Amino acid sequence: MSILADRVKFGILGSLDIRLEGKRVVVTAPKQQAVLASLLLDVNEFVSVDSLANYVWSGRPPSAYRTTLQAYVYRLRQLIGRAPGVELATGNAGYMLEVDPVAIDLRVFRQRVQTGRDLVRCGDVSGAARELRDALSVWRGNALSGVPGELLQQEARFLESERLAVYEELLSLEISLANHRRIIPELTKLVNSHPLRETLAAQLMLALYRSGMQAEALQGYAVARSRLREELGIEPGVELQDLHKGVLSRMPAEEIPIPAWPD
């Protein structure tokens, strides 16, 4: 990480968080928060005025939105534009926040995830698991927490799905490293928070079964099936059903495929 990035930090993986020269900068106006969050999602790229307007006003901008956006950008420049290595640029294509990518928590998260995946391809499963854990540690809470706007909250849900996919990759690695017993509390918490996520349910079942807890694994399937039927009106997918059959028939645990093994 560059020296400059230590002096400038922007966070969207949680509440909007800005640290400049060691001091926290607070953006209080909700619409200004939305402008900044929109620019951070596409940092170092121009975001068109129309796209910004859609984010800020949830697809229903007022007639004078261009002038209003200019005022919001001007105020943001007063807050952050004088920090080293930070520029809020204006161009024909719209507005762009220029900053070292390693100063943005989302970019740090994605870079570490990519490093972890590269390590898997190189056969370093243990190193990959550490890297994915480091990536997930960047998150401070729900993405864009407290930032207004329907479209921005939709982006936040996309980011949460990305986060959960990385969790699934990590937990597959942990199971392959025979850390199944250690991750049961973590998996239980994730399954309770995301009860319709079948891969997590399957991973918890397998971790329990590999830990010698067949009854608990079967109970986990029953709970997952009940939730899927009640909430979505569907049966569990093939992967979860096959795992259930394997546990029910006492198939050797090491012969059961690990769910969501990363490519």
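Begin by selecting helices H9 and H11 in this predicted model, where the two helices pass each other in a left-handed crossing. Their axes come within 10 Å and cross at roughly 15 degrees, and H9 and H11 are therefore roughly parallel to each other. To see what makes the contact, show the side chains of Glu198, Thr199, Ala201, Ala202, Met205, Leu206 and Tyr209 on H9, and opposite them those of Glu239, Leu240, Leu243, His244, Gly246 and Val247 on H11.

Stay with H9 and select residues 198–210, a helix of 13 residues that reaches 18 Å from its first C-alpha to its last, close to the 18 Å expected at 1.5 Å a residue. Is this helix largely enclosed or largely open? Eleven of the 13 residues of H9 are buried, so the helix is largely enclosed by the rest of the structure. Colour the buried ones to follow them along the helix: Thr199, Leu200, Ala201, Ala202, Gln203, Leu204, Met205, Leu206, Ala207, Leu208 and Tyr209. Now display what lies over these buried residues, which includes H7, H8, helix H10 (214–232) and H11 (238–248). Past the end of H9, select Gly212, which follows the helix and has a positive phi, near 85 degrees.

Next, follow the chain beyond H11 to Pro257, which sits in the segment after that helix. Pro257 is exposed, with a relative accessible area of 62%. If you draw a distance from the C-alpha of Pro257 to that of Gly237, 20 residues away along the chain, the separation is 15 Å.

Turn now to H7, one of the helices that cover H9. The 27 residues of H7 should span 39 Å at 1.5 Å a residue, and the C-alpha atoms at its two ends are 39 Å apart, which agrees. Ala178 follows H7 and has a positive phi, near 65 degrees.

With H7 still selected, add H8 (residues 184–193), and look along the pair: the two axes come within 12 Å and cross at roughly 150 degrees. That angle makes H7 roughly antiparallel to H8. The contact is made by Leu164, Tyr167 and Leu171 of H7 with Glu186, Leu187 and Leu190 of H8, and the crossing of these two helices is left-handed.

Hide H8 and bring in H5 (residues 105–121), whose axis comes within 12 Å of that of H7, the two crossing at roughly 30 degrees. H5 and H7 are therefore roughly parallel to each other, and H5 passes H7 in a left-handed crossing. On the H5 side, show Leu106, Phe109, Arg110, Val113, Arg117 and Val120, which meet Leu159, Glu162, Arg163, Val166, Glu169 and Leu173 in H7.

Phe109 leads on to the nonpolar core. Which residues touch the most other members of the largest nonpolar core? Among its 87 residues, they are Phe10, Leu13, Leu36, Leu69 and Phe109. The largest share of this core, ten residues, comes from H7 (residues 150–176). As a general background, nonpolar side chains in soluble globular proteins tend to be buried together.

Centre the view on Phe10 and show its surroundings, leaving aside residues up to four places away in sequence: Phe10 touches Asp17, Ile18, Leu20, Leu40, Ile80, Val86, Val99, Ala103, Ile104 and Asp105. One of these contacts, Leu40, is a buried residue of H2, so-called helix 30–41 being the next stop. Helix H2 has twelve residues and reaches 17 Å from its first C-alpha to its last, close to the 16 Å expected at 1.5 Å a residue. H2 is mostly covered, with ten of its twelve residues buried; they are Gln32, Gln33, Ala34, Val35, Leu36, Ala37, Ser38, Leu39, Leu40 and Leu41.

Finally, clear the selections and look at the whole chain, which has eleven helices and five strands. Its C-alpha atoms fill a box of roughly 65 × 45 × 30 Å, taken along the principal axes. Buried residues make up 46% of the 263 residues in the chain. Among the contacts between residues at least 6 apart in sequence, 65% join residues at least 24 apart.

Key. Residues are numbered from 1 along each chain as its sequence is written. This is a predicted model: local features need pLDDT of at least 70, side-chain atom pairs count only at pLDDT 80 or more; totals for chains, interfaces and linings use all residues. Side-chain values use heavy atoms; hydrogens and water are left out. A nonpolar core is a set of buried Ala, Val, Leu, Ile, Met, Phe, Trp, Tyr and Cys residues joined through side-chain atoms within 4.5 Å. Buried means under 20% relative accessible area, exposed over 50%, partly exposed in between (1.4 Å probe, protein chains only). Helices (H or I, at least four residues) and strands (E, at least two) are DSSP runs, numbered from the N terminus. Contact means heavy atoms within 4.5 Å. The expected span of a helix is 1.5 Å times one less than its number of residues. Axes are lines fitted to C-alpha atoms, for helices over the stretch in contact, and angles run from 0 to 180 degrees between N-to-C directions. Angles under 35 degrees count as roughly parallel, over 145 as roughly antiparallel, 65 to 115 as roughly perpendicular and the rest as oblique. A crossing is left-handed if the near helix is turned anticlockwise from the far one by less than a right angle, and right-handed if clockwise.
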